[in-house]
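Let's take a walk through this structure together, one region at a time. Keep the viewer open and follow along.

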Amino acid sequence: MERRVLIAVLLSFMVLYGYQLMFPPPKPPDQKPVQASKVATAPNASTAAPSNPAPSVQGARPAEASETPAHDVVLETPQVHAVFTTRGAALKSWRLKKYLDSEKQPFEIIAGHAPPDAPLPFTLGADDPAIAAKLAAAPFSVTSQNQTGGNWRAQFDFDDGAGLHAQKTFSIEAAKPYVVNVAVSVSQGGQQVPATIQWGPALGSGIVVKSRTYNPPPQPVFYRDGKVTRVAPDKIAAQPVQEGTFGFAGVDDHYFIVAVVKPAAPLRLDYLPVAVDLGLEHPEGAHYISWSARYTPPANAAYFIGPKDFDVLAATDRDLVRAIDFGMFAWLVVPLLRSLKWINGYVGNYGWSLIILTVLINLVMFPLRHKSVVSMRKMQEVQPEVKAIQDRYANLKMSDPARAKMNQELMTLYKERGVNPASGCVPMLLTLPVLFAFYSMLSVAIELRGAPFIGQIHDLSAHDPLFIWPVVMGITMFIQQKMTPSTADPTQQKVMLIMPLMMTGMFLWAASGLVIYWTVSNTWGIGQQMITNRLIGPPVQRTIRPPAERRVKNIGGGKTTQAKGSASK
């Protein structure tokens, strides 16, 4: 039984550790120029690069383009600070006011280190390169703009006087502040031309912070045929074009996403990895995914540009929540996340909310854990007799038919003592899905990003800078392990004492929210063990019955010595 419990515990730790191995810190793509990727040098690469600076207006500017100066169209909402430029009628800046970067500034979605010739979001493209170049640098004029009741709308027009006409209409609804609705029409000589809406490099600073936990770089993501597909940057070259009817499609990273949502017609998506050399300040460079979507006229689309917040995504489109990678336990992660947010609505701090939720979950699992401890105590009490039986058959080979008698004696002993060898293991296994679901939730929940707690914890999604919580977790795990009933021999028990040390090392760089959860769970386990010990009392010390020592004398004779003695009388 002890081996089964030990295997179950080790497997649970291996799964958690294996999850990190399955999603390792991304390796920066090779910065050698290849056909499938684009390598550029950021302006002033030798100087310090801010974490996520607002980019300058970029885009190809043909020599014949008009020198009409561009001006900005600024949009302010409670959630977003947006800047559109008339040069190409593109999006110049999109800052999320409720999410801060490392400089404590509103997070900038637009690529901060994009190459100078990279297109800005919503830059128009066309099958004809000449038309595409002209549209990218065209001086659009704002023909209408209004903002009423939280809703905003602006129309941009361009006419080159030689038959090329383009119009873009942007609109944002108050109910969906992170969604930009765009309507595009391009005509040449009165004939509609298929338009490509380019986003360009996505997203953010492009600098991936090295971490031992789940922290993917920007990568293509799309929902097609009922399945979400994510493409690693180094796999894009194998299939840079995706076509079909999509529920959503775009680029995401750990916490944010830019994607076209529920396009009305099939699309052609083009993806291209972009690596930018940032010099010595950031030797790993910045890495983006440049992407575009080709539409059949007229091109009407809704682009979500914002956080991977479950409620925000669900309010936009139910399928869009699939952009959050909750893993195989999504059916359990979602209720846990909703519970955490509900508690935080009253508490106002995600650290304390996490502790309260942990206590509530452990309270629900109290009966299962109590039953497991009681069963392990019973196994501990009969362990001397179990070992005596096993020792009597130790010299027999595993293939010896006589070993079947050992199993019969063990089953008889378990029945007499009312012990079920699996009853201590099964309840603990039933708690593992909750553990894995909690781990998945804390790994991807944007709610913990930048959420402070107490003391040195200023971000629950980052590791403890002083490593206090991991050490406390290791201590509580050691105490809990010493208190838990064990059927292992003294040598095995000493070997198991290394487990808290191993877990402490594994959790040094884990998100502090996860470490706090584990520490509180251990502390609860210690308290529960004390209560259970009081309820069931001290272990009963049993002596091995002398008759049991004589039953093996005549193995294979069909009778024990005691039985033969009775027969002779």
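Right after helix H4 comes glycine 348, and its phi is positive, near 85°. Keep in mind that this is a predicted model. H4 itself covers residues 330-347, 18 residues in total, and spans 25 Å from its first C-alpha to its last, close to the 26 Å expected at 1.5 Å a residue. Colour the helix by burial and you'll find Leu332, Val333, Val334, Leu336, Leu337, Leu340, Lys341, Ile343 and Asn344 buried. That list includes Lys341 and Asn344 alongside the leucines, valines and isoleucine.

Zoom out for a moment. The protein chain has 14 helices and 20 strands. Of its 569 residues, 50% count as buried. The accessible surface adds up to about 27000 Å², and carbon and sulfur atoms hold 59% of that. If you look at contacts between residues at least 6 apart in sequence, 67% of them join residues at least 24 apart.

Now find the sheet made of strands E2, E3, E4 and E5. The four line up in the order E2-E3-E4-E5, as an open sheet with antiparallel pairing. E2 and E5 (106-108) sit at the edges with a single partner strand each, so one side of each has no neighbour in the sheet. From one strand to the next, the twist averages 20°.

Strand E3, residues 80-85, is a good place to stop within that sheet. It is mostly covered, with five of its six residues buried. On one side, E3 runs antiparallel to E2 (residues 72-76), and five bridges join the two. To check the register, look at aspartate 72, whose bridge partner in E3 is threonine 85. Leucine 75 likewise has alanine 82 as its partner in E3. The connection between E2 and E3 is a hairpin with three residues in between.

E3 also pairs with E4 (residues 90-100), again in the antiparallel sense, this time over six bridges. Here histidine 81 stands opposite arginine 95 in E4. These two strands form a hairpin as well, with four residues between them, and glycine 88 in the turn has a positive phi of about 80°.

That turn deserves another look. Most residues other than glycine have a negative phi, and most peptide bonds are trans. Alanine 89, in the loop between E3 and E4, has a positive phi of about 50° although it isn't a glycine. Is alanine 89 buried or exposed? Its relative accessible area is 0%, so alanine 89 counts as buried.

Lysine 262 also has a positive phi without being a glycine, with a value near 45°. You'll find lysine 262 in the loop between E17 (256-261) and E18 (267-277). Its relative accessibility is 43%, so lysine 262 is classed as partly exposed. There is a peptide bond to flag too: the one joining alanine 202 and leucine 203 is cis, with omega about -5°. Leucine 203 belongs to the loop between E12 (195-202) and E13 (219-224).

On to the interior. In soluble globular proteins, nonpolar side chains tend to be buried together. The largest nonpolar core here has 123 residues, and the ones touching the most other members are Trp94, Phe122, Trp199, Tyr303 and Ile305. Helix H8 (residues 426-444) supplies the largest share of this core, 10 residues. There's a second, separate core of 10 residues, including Met379, Val382, Tyr393 and Leu410.

Two members of the big core are worth clicking on. Phenylalanine 122 is found in the loop between E5 and E6 (123-126). With a relative accessible area of 1%, phenylalanine 122 is buried. Beyond residues up to four places away in sequence, phenylalanine 122 touches a set that includes Gly88 and Ala89 from the turn region, as well as Phe170, Val182, Trp199, Tyr303 and Ile305. Valine 182 is 60 residues away from phenylalanine 122 in sequence, yet their C-alphas are 8.6 Å apart in space.

Tryptophan 199 rounds off the tour. Leaving aside neighbours within four places in sequence, its contacts include Leu91, Ile109, Pro121, Val258 and Trp291, along with Phe122, Tyr303 and Ile305.

Terms used
Residues numbered from 1 in each chain as written. Predicted model: local features only at pLDDT ≥ 70, side-chain atom pairs only at ≥ 80, totals over all residues. Heavy atoms only, no water. Buried < 20%, exposed > 50% of the residue type's maximum accessible area, 1.4 Å probe, protein only. Pairing = 2+ DSSP bridges. Contact = heavy atoms within 4.5 Å. Areas by Shrake-Rupley, 256 points an atom, 1.4 Å probe, with all protein chains shown as cover. Axes fitted to C-alpha atoms, helices over the stretch in contact; angles between N-to-C directions. Core = buried A, V, L, I, M, F, W, Y, C linked by side-chain atoms within 4.5 Å. Expected span 1.5 Å × (residues − 1).
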